[in-house]
Amino acid sequence: MSLPALNRPALSVVPDRSEERVVDADVYRSVFRRHAAGVVVITADAGHGPVGFTATSLVSVSLLPPLVSFAIATSASSWPTVSTANSLVINFLSADQHAIAGRFATSGIDRFAEPTRWSRLASGEPVLDEAPSYLRAQVEHRFAVGDHYLVVARLATHTERREHEPLLYHDGRYATATPKAHHA
């Protein structure tokens, strides 16, 4: 017994004219500039004053238990504190908070000085007063990976102060998500 022939369109092979390149630092930066990422500010204090930095590497890792990860450069001014802090806060930024993201991405300044508005949670961590939402997390693991550390943290609490459109980073600049179309 023979099976009926399937009507399949003929496959056409389009030659790949792109050039394969070794991934060096310039190629790496170029590729990831085109990858849109959410922007957060991570804050912590290990007993020597608050530190914070802008991150676009926040990733959901596990639902049960609720874990996230982010990367921080070994040369980052915040790393000594993050390397010993037991807990931290992930401050989500809204689409109009470019200035806060830029401030916490700037080296050599007191990021918590005016005009930054911040306070401490009852548990002691610094939190940005203008963050529309934030997660408080307990640090579980720190893994050395290349010139960074990958930090894994267990989420403890979530606070949503207001709804917001997320701040994104894409192609070397801050951007916003395309609003969803509303259907009547």
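A residue is called buried when its relative accessible area is under 20%, exposed when it is over 50%, and partly exposed in between, using a 1.4 Å probe and protein chains only. The model on screen is predicted, so local features are taken only at pLDDT of at least 70 and side-chain atom pairs only at pLDDT 80 or more, while totals for chains, interfaces and linings use all residues. Residues are numbered from 1 along each chain as its sequence is written, and side-chain values use heavy atoms, with hydrogens and water left out.

**Stop 1: threonine 81**

Select threonine 81, which sits in helix 2. Helices (H or I, at least four residues) and strands (E, at least two) are DSSP runs, numbered from the N terminus. Is threonine 81 buried or exposed? Its relative accessibility is 11%, so threonine 81 counts as buried. Show its surroundings: leaving aside residues up to four places away in sequence, threonine 81 touches Ala44, Asp45, Ala46 and Val51. Contact here means heavy atoms within 4.5 Å.

**Stop 2: the whole chain**

Zoom out and colour by secondary structure. The protein has three helices and twelve strands. Of its 184 residues, 31% count as buried. Among contacts between residues at least 6 apart in sequence, 62% join residues at least 24 apart. The protein exposes about 12200 Å², and carbon and sulfur atoms supply 55% of that area. Accessible areas come from the Shrake-Rupley method with a 1.4 Å probe; for residues, only the protein chains shown count as cover.

**Stop 3: the nonpolar cores**

Select Ile42, Phe70 and Leu88. In the largest nonpolar core, which has 19 residues, these touch the most other members. A nonpolar core is a set of buried Ala, Val, Leu, Ile, Met, Phe, Trp, Tyr and Cys residues joined through side-chain atoms within 4.5 Å. Elements giving two or more residues to this core include strand 2 (40-44), strand 3 (51-55), helix 2 (79-82) and strand 6 (87-92).

Keep leucine 88 selected and display its neighbours. Not counting residues up to four places away in sequence, leucine 88 touches Ile42, Thr43, Ala44, Phe70, Glu125, Leu135, Arg136, Ala137 and Val139. Apart from the largest core lies another, of ten residues, among them Val41, Ile100, Leu128 and Leu167.

**Stop 4: strand 5 and its partners**

Select strand 5 (67-73), one of the elements that give two or more residues to the largest core. Six of its seven residues are buried. Two strands pair if DSSP finds at least two bridges between them. On one pairing, strand 4 (residues 59-62) runs antiparallel to strand 5, joined by three bridges; serine 62 stands opposite leucine 67. Strand 5 also runs antiparallel to strand 10, with seven bridges, and there alanine 73 has histidine 148 as its bridge partner.

Now follow the hairpin of four residues that joins strand 4 to strand 5. Proline 65 lies in this loop. The peptide bond between leucine 64 and proline 65 is cis, with omega about 0°.

**Stop 5: a second cis bond and the aromatic cluster**

Select proline 115, in the loop between helix 3 (98-104) and strand 7 (118-120). The bond from glutamate 114 to proline 115 is also cis, with omega near 15°.

Add Phe104, Phe112 and Trp118, which ring pairs link into a cluster. The structure holds five aromatic pairs. Rings of Phe, Tyr and Trp (its six-membered ring) pair if their centres lie within 6.5 Å; planes under 30 degrees apart count as stacked, over 60 as edge-to-face and the rest as tilted. For phenylalanine 104 and phenylalanine 112, the centres are 5.3 Å apart and the planes stand at 90°, so this pair is edge-to-face. Both phenylalanine 104 and phenylalanine 112 are buried.

**Stop 6: the three-stranded sheet**

Select strands 1, 11 and 12, which form an open antiparallel sheet in the order 1-11-12. Strand 1 (37-38) and strand 12 (173-176) are at the edges with a single partner strand each, so one side of each has no neighbour in the sheet. Two bridges join strand 1 to strand 11 (residues 167-170), and alanine 37 stands opposite tyrosine 169.

Tyrosine 169 forms an edge-to-face pair with tyrosine 174, 5.3 Å centre to centre and 65° between the planes. Tyrosine 169 is partly exposed at 30% relative accessibility, and tyrosine 174 is partly exposed at 25%.

End at aspartate 171, in the loop between strand 11 and strand 12. Aspartate 171 is not a glycine, yet its phi is positive, about 55°. With 30% relative accessibility, aspartate 171 counts as partly exposed.
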